[in-house]
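Here are a few exercises on helix packing. Have a look at the model, try each task, then check your working against the solution.

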Amino acid sequence: NLIPWALRPPNTAGATGAGVGGLMEWGLSLEFYESFDPADPRRDATMAYSYEAFNGETITFNQPPFPVFEFGVATYDEVTGLGFNKWFEGGGSGNAFNENDDVFIRYADVLLMLAEAYVGANNAPQALPYINEVRDRVDLDLLTSVTLEDIKQERAWELAGEYQEYFDLQRWGDVEKAMQEGPDVVAQYGQKYETMPLPTNALQGNANLVQNDGW
């Protein structure tokens, strides 16, 4: 299930006007922000480029004054990235404080998975209405053709921050490429990252199962 916690930009105003902030455990890049069509409402629903802090001050990405956490770590600049902005309506720094339900699966995810399945089956025309249903919801121009690259991009825009990307990368065979990109390479690529480990209780309960390579 989806439980984002403490990912909000710092010093954000809560429902009562008090500062609730967030730990900003990760941020989204300016490059990703600029990849959106400016008319796409998902851009600002996903990232807080500019917002009002609890003290009334306007905070804008990569422009001083930068907010500082109570433990003294500066943030909201080019290094730390843009703050996450989904699912915090009426609440505080995480899902436990907001008015939204936890999300287990979203209809847009289902539509894009179906579109991807049709493209993978060499039936791109059949995929078109499903990706266009996602785009039509946010009033974007409809596509006249669709490729796997279109679906990859649409999933990034639609599902950013929803803990889907790693599984997408595994399915597409893009894990190694993704781990070699970006400023924050934290691990060396290994073949085991192409799969998930089988649960221990499943292995113990079925002698015919063999653990995935590397795990």
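**Exercise 1: The buried side of a helix**

Task: find which residues of α5 are buried, and what they pack against.

Solution: This is a predicted model, so start from the buried set. In α5 the buried residues are Ile151, Lys152, Glu154, Arg155, Trp157, Glu158 and Leu159. Next, look for their partners: these residues pack against α1 (30-35), α2 (41-46), α3 (107-120), α4 (124-137) and α6. For context, buried residues make up 38% of the 215 residues in the chain.

**Exercise 2: Two helices side by side**

Task: work out how α5 and α6 are oriented relative to each other, and which residues make the contact.

Solution: Begin with the geometry. Helix α5 covers residues 148-159 and helix α6 covers residues 165-172; they pack at about 165°, with their axes 11 Å apart. Because the cut-off for roughly antiparallel is over 145 degrees, α5 counts as roughly antiparallel to α6. The crossing of α5 past α6 is left-handed. Now list the contact: α5 brings Leu148, Lys152 and Arg155, while α6 brings Asp168, Arg171 and Trp172. Sort them by class and you get 2 nonpolar, no polar and 4 charged residues.

**Exercise 3: Length and exit**

Task: compare the reach of α5 with the expected span, then check the phi of Gly161.

Solution: α5 has 12 residues and goes 16 Å from its first C-alpha to its last, close to the 16 Å expected at 1.5 Å a residue. Just after α5 comes Gly161, with a positive phi of about 80°.

Conventions. Residues are numbered from 1 along each chain as its sequence is written. This is a predicted model: local features need pLDDT of at least 70, side-chain atom pairs count only at pLDDT 80 or more; totals for chains, interfaces and linings use all residues. Side-chain values use heavy atoms; hydrogens and water are left out. Axes are lines fitted to C-alpha atoms, for helices over the stretch in contact, and angles run from 0 to 180 degrees between N-to-C directions. Helices (H or I, at least four residues) and strands (E, at least two) are DSSP runs, numbered from the N terminus. Angles under 35 degrees count as roughly parallel, over 145 as roughly antiparallel, 65 to 115 as roughly perpendicular and the rest as oblique. A crossing is left-handed if the near helix is turned anticlockwise from the far one by less than a right angle, and right-handed if clockwise. Contact means heavy atoms within 4.5 Å. Ala, Val, Leu, Ile, Met, Phe, Trp, Tyr, Cys and Pro count as nonpolar, Asp, Glu, Lys and Arg as charged, and the others, Gly among them, as polar. The expected span of a helix is 1.5 Å times one less than its number of residues. Buried means under 20% relative accessible area, exposed over 50%, partly exposed in between (1.4 Å probe, protein chains only).
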